[in-house]
2 protein chains.
Amino acid sequence: MTTRKLPENSTPAGGLEEARLHDVIGYQVAQASIATLGLFHRAAGEVLDLRPAEYTVLVLIKENPGGTAARVARALAVSAPNITMWLDKLERRGWVVRQASETDRRTQHLHVTDKGRQVADTATQQLLEAERRTFSHLTVGERTILVELLHKLALKRSE
Amino acid sequence: MTTRKLPENSTPAGGLEEARLHDVIGYQVAQASIATLGLFHRAAGEVLDLRPAEYTVLVLIKENPGGTAARVARALAVSAPNITMWLDKLERRGWVVRQASETDRRTQHLHVTDKGRQVADTATQQLLEAERRTFSHLTVGERTILVELLHKLALKRSE
DNA sequence: TATTGTTATACTCTATAACTATA
DNA sequence: TATAGTTATAGAGTATAACAATA
């Protein structure tokens with residue numbers, strides 16, 4: 001299929017296939033993230049004084065109670081000092097607690113507080129509502145498919 | 001539909017609907033971009049000494065020859081000084097030229113050089129090949145749908 | 001008055017290096 | 001030796017403010 005020469009794959013100039021930007025998934029993801037980051041800022045960031053990274057770390061801890069900082073760092077593909085900084089901020093705001101481990105005295109187990117859970121849930125609720133409004137030109141089925149395909153993309157991290 | 005209480009929407013604890021992180025499109029986009037940014041770095045960034053933003057600005061100029069810096073800034077939703085910086089870098093590398101406008105002496109028309117076009121095309125080619133390999137667990141149809149749905153997302157920027 | 005683009009400057013976010021403590 | 005986490009520090013990328021030139 002890729003070896004067959006189709007008219008729409010040949011350029012006017014040289015007859016060679018042109019690499020099409022439109023087909024680069026990473027480019028479309030980047031463009032889409034302009035929209036989703038803007039939506040985050042308006043729907044949750046501004047009202048709750050919440051940064052995207054803050055939200056992500058918070059919900060990750062909420063969904064994986066007792067997890068460690070190293071695990072969060074790996075999940076987000078960022079450095080350990082970076083996570084330390086975000087945990088400092090989240091702890092300072094009373095949304096996350098670091099609990100010393102009893103079996104391994106190097107590690108800490110992370111948990112959200114009631115207040116932290118409330119912030120995370122409110123933010124998620126706001127985001128879902130805003131997305132439903134803003135992306136109403138997508139059907140429910142399309143949104144479901146999109147989420148699943150994005151999820152499949154995210155599975156491949158280091159190949 | 002949202003007012004009807006469905007069993008799968010109630011939490012064990014309170015009986016209230018739980019806002020599901022999994023359904024937040026922005027979260028999935030952010031997770032997916034970890035994968036695509038890593039892929040960019042390995043497939044094009046490292047070899048061509050190219051930053052994601054550099055690539056994006058370059059291809060945007062290539063696909064919109066004669067466009068202005070202000071237009072690029074709006075397209076990427078970044079500030080004007082930021083674009084000035086990237087244009088400086090791209091011009092210094094001989095990939096982009098600023099051409100003074102004859103009708104409006106404030107503006108410049110942006111064009112890629114032959115070298116710039118070559119870099120952009122090579123990068124795009126490398127990215128497409130790497131994505132085809134890395135995301136081979138998606139069918140061609142799924143990849144097409146994904147690109148189209150992401151494109152539809154990107155249409156909604158400021159609502 | 002508004003817009004284009006630049007310079008100066010500061011802030012945010014992320015990383016690397018060096019370290020302590022523990023396994 | 002390797003891992004978890006912190007501190008110190010530097011770099012990349014972004015923004016705002018102030019400005020000059022032009023519309």
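Biologist: How far does a backbone N or O atom of Gln108(B) lie from a phosphate oxygen of DNA strand C?

Modeller: This is a predicted model, and the distance is computed from it. The atom of Gln108(B) in question belongs to the backbone, and its partner is a phosphate oxygen of DNA strand C. The distance between them is 3.2 Å.

Biologist: Which residue uses its side chain to approach a phosphate oxygen of DNA strand C?

Modeller: Ser79(A) is 2.7 Å from a phosphate oxygen of this strand, but through a polar backbone atom. A side-chain N or O atom at 2.7 Å from a phosphate oxygen of DNA strand C is found in Thr84(B).

Biologist: Which element gives the most residues to the surface near DNA strand C?

Modeller: Elements that supply two or more residues there are α4 (80-92) of chain A, and α3 (69-76) and α4 (80-92) of chain B. By class, this surface has nine nonpolar, seven polar and seven charged residues. With four residues, the element that gives the most is α4(A).

Biologist: What percentage of the atoms of DNA strand C within 4 Å of the protein belong to sugar or phosphate?

Modeller: The strand is surrounded by 23 residues, with Arg105(A) and Arg106(B) among the closest. Of its atoms within 4 Å of the protein, some belong to bases, but the sugar or phosphate part is 70%.

Biologist: How many residues are around DNA strand D?

Modeller: Those that come nearest are from both chains: Ala70(A), Thr84(A) and Arg106(A), with Ser79(B) and Arg105(B). Sugar and phosphate make up 67% of the strand's atoms that come within 4 Å of the protein. By class, the surface near DNA strand D has nine nonpolar, seven polar and six charged residues. The number of residues around the strand is 22.

Biologist: Which residue has a side-chain N or O atom 2.9 Å from a sugar or linking oxygen of DNA strand D?

Modeller: Trp86(B) has a polar side-chain atom 3.0 Å from an oxygen of this strand, but that oxygen is in a phosphate. Ala69(A) is 3.4 Å from a phosphate oxygen, through a polar backbone atom. The residue with the sugar or linking oxygen as its partner is Asn82(B).

Biologist: Which element gives the largest share of the side of chain A that touches chain B?

Modeller: Across this interface there are eight residue pairs in polar contact. The elements giving two or more residues to chain A's side are α1 (25-48), α2 (52-63), α3 (69-76), α5 (114-134) and α6 (140-155). The largest share is 12 residues, and it comes from α1(A).

Biologist: Which residue of chain B meets Glu142(A) in a salt bridge?

Modeller: The interface of chain A and chain B has two salt bridges. In one of them, the N to O distance is 3.5 Å, within the 4 Å limit for a salt bridge. The partner of Glu142(A) there is Lys152(B).

Biologist: What area is buried between chain A and chain B?

Modeller: Each chain brings 53 residues to the contact. Carbon and sulfur atoms give 70% of the buried area. The total is about 5,300 Å².

Biologist: What kind of axis relates the two copies?

Modeller: Chain A can be laid on chain B by a turn of 180° and a shift of 0.0 Å along the axis, with an RMSD of 0.0 Å. The copies meet through the same surface, because 100% of the interface residues of chain A are also interface residues in chain B. From the turn and shift, the relation is thus that of a two-fold rotation axis.

Conventions:
Residues numbered from 1 in each chain as written. Chains lettered and ligands numbered in written order. Predicted model: local features only at pLDDT ≥ 70, side-chain atom pairs only at ≥ 80, totals over all residues. Heavy atoms only, no water. Contact = heavy atoms within 4.5 Å. Buried area = accessible area lost by both parts, 1.4 Å probe. Salt bridge = Lys/Arg side-chain N within 4 Å of Asp/Glu carboxyl O. Polar contact = N/O pair within 3.5 Å; in protein donor to acceptor, adjacent residues only side chain to side chain. Near = heavy atom within 4 Å. Nonpolar A, V, L, I, M, F, W, Y, C, P; charged D, E, K, R; others polar. Least-squares fit on C-alpha atoms with pLDDT ≥ 70 in both.
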